[in-house]
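Hello,

Here is the structure for you to look through. Please open it before you read my notes.

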Amino acid sequence: MFWLGIVSLFNDFSGEMVYSVMPGFLTMVFGAPPILIGFLEGFADALASFLKIYFGWVSDKIKKRKILSVIGYSISTATRWLLSLAGNFWQVFFLRAIDRGGKGLRDSPRDALISESVEQSELGRSFGYHRAMDTVGKVLGPLAAIIILPLILNDYRLLFKIAFWLGILAVLAFIFVKETKKEINETAEIKDSGVRAHDLRKIFSLSEYTKEFKLFILSIFIFGLGEMPIALTLLKSREVGLNGFSIPLMYFVSNLAFVLFAIPAGRISDKIGERKILILGFLAAIIAYVNLAVFKNVYFVVLGFVFIGLYSAMTDGVERALASKLVARERLAAGQGFLNAAIGISTLLSSLIGGGIWTVFGSAPAFAYGIFMMMIGLFSFIILNKNKKEV
C-alpha cells in the first residue's frame with residue numbers, strides 16, 4: 001500500500017504540472033474555446049474509461065496487476081515529453097488521448113491491487129490514503145507550476161519536459177511494489193472460463209454483476225452528467241479578474257482541500273457506511289457549482305473550488321471502496337473498470353453539453369445545467385441505493 005501511494009504521488013506531481021496549466025496553454029497558445037477544452041478532457045476520460053473495463057477484465061483473467069500498472073504509468077509519462085513538441089490543438093488532443101489510454105490500462109489493476117492488499121474493513125481508509133497521496137502530488141504539481149513558470153519565462157514546453165523526469169520517478173518506485181495473491185472462487189472461475197478476449201460484448205456486459213452493483217453504477221452515471229471536467233471549471237477563475245496564474249492556483253486550492261479531507265472521509269466511511277459519505281460528497285459538489293454559478297467575487301470562487309476538493313475527497317476513494325464490496329473478487333478489477341466507465345462516459349457528455357452552453361451563453365448557465373443534473377443524480381442515488389447487500 002505504501003509504495004503504491006508513492007507511485008501515485010510522483011505520477012500526479014508530474015501529471016498535474018502539465019494538467020494544471022493545460023487550459024491556459026490551450027487558450028493562450030492555440031486559442032481554443034471552452035467547448036474544445038471540455039471535449040478534449042471529456043473524450044480522453046471516456047476513452048480511459050472503456051479501456052479500464054477491458055484491462056480490468058484482462059487483469060482478472062491473467063491474475064496480474066503490477067505489470068499492467070507499470071506499462072500504463074510508462075505510457076502516460078512518455079506523452080509529457082512529446083507534449084513539449086506539439087504544434088497545434090489536435091496534436092495535444094492526440095497526446096492527451098494516449099496519456100488517458102495509459103491511465104485506462106493501469107487504474108483498474110492498480111485499484112484491484114489495493115483491494116487485495118487489505119481487509120474489507122479497511123478498504124475506505126486504504127483507498128482514502130491512496131487518493132490522498134495521489135492528491136499530494138496534485139497539490140505539489142500546480143504549486144510547482146506556479147513557481148517554475150515565471151522562472152522559465154512562461155515556457156510551457158520546458159515545463160512539460162521537467163514533468164517528464166518526475167514521471168520517471170513514479171515508474172521506478174514500482175520496483176518496491178509487491179503483488180498480493182489471493183484465492184479465487186473456483187466455481188466463479190469456471191463460470192468465467194467461456195469468455196474470450198475477442199468477445200467484447202461479454203467483456204463490456206453487466207449481465208453477470210449483481211443488481212445492487214448495476215444500480216450503484218447507474219446512479220453514479222446520472223450524477224456525472226452534471227459534473228464538468230475540472231479543466232473547464234478552472235476557466236471560471238479568469239472571469240473574476242484573476243491573472244494567468246489563477247488556473248493552476250485554483251487547481252492547487254481544490255487539491256489541497258482534497259488532501260486534507262480524503263483520509264478522514266475514508267475512515268468515517270468505514271464506520272458509518274460509504275453511502276452516507278457519498279451523499280454528503282454529492283451535496284458538496286452542488287454547493288460548489290452554486291458558488292461558481294451565482295457569485296463573481298473572487299472569495300466565493302475560491303470557496304467553490306474548496307468545495308470541489310471536498311466533493312472529490314468524499315467520493316473518489318469511497319466510490320471505489322463501495323464498488324469493491326459490491327462485486328465478487330474474481331471480477332474486482334473489471335468492477336472498478338465499470339465504475340470508472342460510468343464516470344468517464346458521463347463526463348464526456350457533460351463536457352460537450354456544459355462546454356457548449358459555456359461557449360454560447362457563458363459560464364453561469366453551464367453551471368446551472370450542472371446543478372440541475374447533479375440534483376437528479378443525488379436523488380437517484382438516494383432512491384436506488386437503499387440497504388444494498390455487499391458481495
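Below are notes on a surface patch and on three residues.

This is a predicted model, so local features need pLDDT of at least 70 and side-chain atom pairs count only at pLDDT 80 or more, while totals for chains, interfaces and linings use all residues. Residues are numbered from 1 along each chain as its sequence is written, and side-chain values use heavy atoms, with hydrogens and water left out.

Start with the surface. Ile67, Ile71, Ile75, Phe94 and Ile98 make up a nonpolar patch there. Together they have about 420 Å² of accessible area (Shrake-Rupley method, 1.4 Å probe, with only the protein chains shown counting as cover for residues). Patch residues have over 30% relative accessible area and no salt bridge (a side-chain nitrogen of Lys or Arg within 4 Å of a carboxyl oxygen of Asp or Glu). Nonpolar side chains (Val, Leu, Ile, Met, Phe, Trp, Tyr) are joined within 5 Å, like charges within 9 Å.

Two helices (DSSP runs of H or I, at least four residues, numbered from the N terminus) each supply at least two patch residues: α4 (66–83) and α5 (89–117). The largest share, 3 residues, comes from α4.

Ile67 lies in α4. Its relative accessibility is 46%, so it counts as partly exposed (between 20% and 50%; under is buried, over is exposed).

Now Ser254, in helix α13 (residues 246–272). Ser254 counts as buried because its relative accessibility is 4%. Leaving aside neighbours within four places in sequence, Ser254 contacts (heavy atoms within 4.5 Å) Phe305, Ile308 and Gly309.

Last, Gly273 sits in the loop between α13 and α14 (274–294). At 22% relative accessibility, Gly273 is partly exposed. Gly273 and Leu322 are 49 residues apart in sequence, and 8.9 Å apart in space, C-alpha to C-alpha.

Best wishes

Key
Buried < 20%, exposed > 50% of the residue type's maximum accessible area, 1.4 Å probe, protein only.
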